[in-house]
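Colleague: Could you take me through the salt bridges in this one? I'd like a close look at who pairs with whom and how open those side chains are.

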Amino acid sequence: MNINIKRSLPLRIVFYVLTFCILLFVVILSGFYTVSKKQIEKMTFLNAENLTKNTACQLERILSPLTEIANNYIWIIEELEDQPDAYYDITRKIVETNPNVLGSAIAFEENFYKEKGHFFSPYSYRDNDEIKTEQLGNDSYDYFVMDWYQIPVSIEKPYWCEPYFDEGGGNALMTTYSLPIYFKTDSGRRVVGVLTMDLNLDWFTELVSSVKILETGYATIMSKNGTFITHPNKSLIMNQTIFTYAIQANSPDLRELGRMMQHEVEGSTTNMLEGTERAVYFTRLSSDWMLAVMFPTSEMYLPLQTTTTFLIILLIIGLALLSFIVINIISKQLAPLGSFARSAREIAKGDFHVKLPAIKSEDEMKELYDAFVYLQSNLNSYIETLKETTSEKEKFESELRIAREIQMGMLPKTFPPFPNRKEIDLFALLIPAKEVGGDLYDYFIFNDKLFFVIGDVSGKGIPASLLMAVTRSHFRSVGTYLKTPAQIMNSLNNSLAENNDSNMFVTLFIGILDLSTGEMIFCNAGHNPPIILNGKKEYLDVIPNLPIGLIEDFEYQEQTTELPINSTLLLYT
């Protein structure tokens with residue numbers, strides 16, 4: 001079954017209704033989707049921010065007390081400068097009273113206590129449930145080259161070292177907080193060693209691994225140099241930095257994220273990692289490590305996509321039901337239109353008395369019935385009137401064509417007009433905008449002088465053509481006895497200005513060219529300045545004056561110039 005929508009009005013109405021409904025739904029759904037998307041993004045990033053800061057607070061509860069503990073013990077160490085053996089008790093006390101501390105050492109510079117030898121670093125550490133104390137430094141464990149010793153001594157500031165596996169000390173993956181020890185000397189205070197506290201990082205991994213956001217989002221901690229301390233991918237921990245991983249994953253965005261994390265305290269961004277766009281929120285810990293929460297941005301919109309799909313399915317079902325109902329209702333309401341169409345075809349064939357279908361309702365169909373009745377009763381009169389109007393129009397158009405022929409016949413149109421005169425050549429072209437118009441030109445030779453005129457009457461049509469004919473005829477009549485363009489212009493102006501109730505005017509350019517000398521006397525009345533072509537183009541400098549027919553007795557000023565041999569004078573409207 002082939003259904004032609006263009007020939008079925010009910011189907012067209014349904015098509016338009018459905019199109020409007022679909023467009024309206026698309027606009028509403030787009031607005032809903034856009035607003036919901038922004039709200040979801042806002043809430044998800046807020047959740048990521050809160051989750052990151054909450055996790056950071058939990059981590060700071062462990063990290064921050066270590067710095068306070070170190071500051072509390074540093075002055076005791078300085079007071080016991082002459083009792084080096086007491087430092088063993090201090091390190092043991094630190095480990096006993098602080099369960100998060102894996103080990104503590106007081107490491108002095110080389111030969112600081114000569115009686116203790118080259119190395120002297122009392123060290124206490126946890127060994128299962130037992131706390132052991134020993135001298136840490138020896139030839140196999142040269143702590144002077146360790147970062148946790150030499151960096152804080154060099155910068156003379158507290159320092160969280162990069163995570164490391166301490167063999168010979170704590171024998172575990174740890175990080176160390178080092179605080180420089182200052183002793184008084186004859187020249188002032190100087191750094192003589194460091195107080196350290198070792199922090200086992202296993203609890204870091206457990207705490208950070210428990211952080212979940214959306215389906216596959218996770219948290220990670222990186223050192224200040226970008227080394228992964230915790231990460232769901234165990235192979236990355238302590239083996240790669242974010243920068244080496246970015247090179248391996250060919251991810252410039254990830255490398256840029258690493259630079260951002262090194263320079264900013266906190267922030268958020270999105271980057272591409274392994275072909276997936278991920279959102280990142282990060283914050284800096286007191287140890288200068290970075291805690292970051294990452295999650296795929298696509299997972300933010302999964303609930304929204306499910307809702308949108310459900311709404312689209314409802315729309316399809318609703319539009320199908322709407323189509324069925326509308327087609328049935330409209331088909332019944334528009335059934336009489338078929339009868340009206342057949343009646344209209346009979347009327348078009350000339351049967352103005354064809355029987356129309358009966359309409360019982362008082363709605364638009366009844367109005368259509370009344371309109372057809374009115375059409376039948378008035379169609380004959382209308383056709384007669386149309387015939388008369390058409391006849392009058394054709395007669396008017398015929399008269400216009402004759403007027404055009406008369407007007408064109410008034411103007412010279414034989415070119416070249418003076419074939420025997422080699423010193424001059426003329427050509428003119430006139431194309432009226434309507435059947436007749438107000439543009440004009442004329443020329444004649446008298447006493448070896450070329451008299452010429454070009455002009456444009458204000459307005460179009462028959463009034464302009466009449467004024468054009470009067471102007472051209474007057475130019476011809478006065479040009480033979482008035483010897484200058486100004487005199488001719490004055491005569492034309494006074495003639496047209498007299499009894500000019502229509503307030504029409506004419507712009508004119510009149511010139512008299514002496515064919516023997518090339519001298520040209522001209523007068524311009526508000527017309528476009530001519531163009532002289534002589535190897536280059538230049539406009540003729542003219543005094544504009546007023547168009548003729550506006551002010552009676554206006555004195556027009558004329559000018560004189562010489563036209564070079566082989567030059568062209570272009571006049572135009």
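Modeller: Let's fix the term before the pairs: a salt bridge here is a side-chain nitrogen of Lys or Arg within 4 Å of a carboxyl oxygen of Asp or Glu. Keep in mind that this is a predicted model. Searching the whole structure turns up 11 salt bridges, and I'll pick out a few.

Start with Glu 49 and Lys 53, whose side chains meet in a salt bridge at 2.9 Å, N to O. Both residues sit in helix 1 (residues 9-79), four residues apart, about one turn of the helix. As for exposure, Glu 49 has 24% relative accessibility and so counts as partly exposed. Lys 53 is partly exposed too, at 32%.

Next comes a pair from two loops. Asp 85 and Lys 116 form a salt bridge at 2.4 Å, N to O. Asp 85 belongs to the loop between helix 1 and helix 2 (86-97), while Lys 116 is in the loop between strand 1 (101-108) and strand 2 (122-127), so this pair ties together parts 31 residues apart in sequence. Asp 85 is partly exposed, with a relative accessible area of 46%, and Lys 116 is also partly exposed, at 30%.

Finally, look at Glu 423 and Arg 421: their salt bridge has its closest N and O atoms 2.9 Å apart. Salt bridges with shared partners join Arg 421, Glu 423 and Asp 448 into one network. Within that group, Glu 423 is partly exposed at 45% relative accessible area, and Arg 421 is partly exposed at 24%.

Note on methods: Residues are numbered from 1 along each chain as its sequence is written. This is a predicted model: local features need pLDDT of at least 70, side-chain atom pairs count only at pLDDT 80 or more; totals for chains, interfaces and linings use all residues. Side-chain values use heavy atoms; hydrogens and water are left out. Buried means under 20% relative accessible area, exposed over 50%, partly exposed in between (1.4 Å probe, protein chains only).
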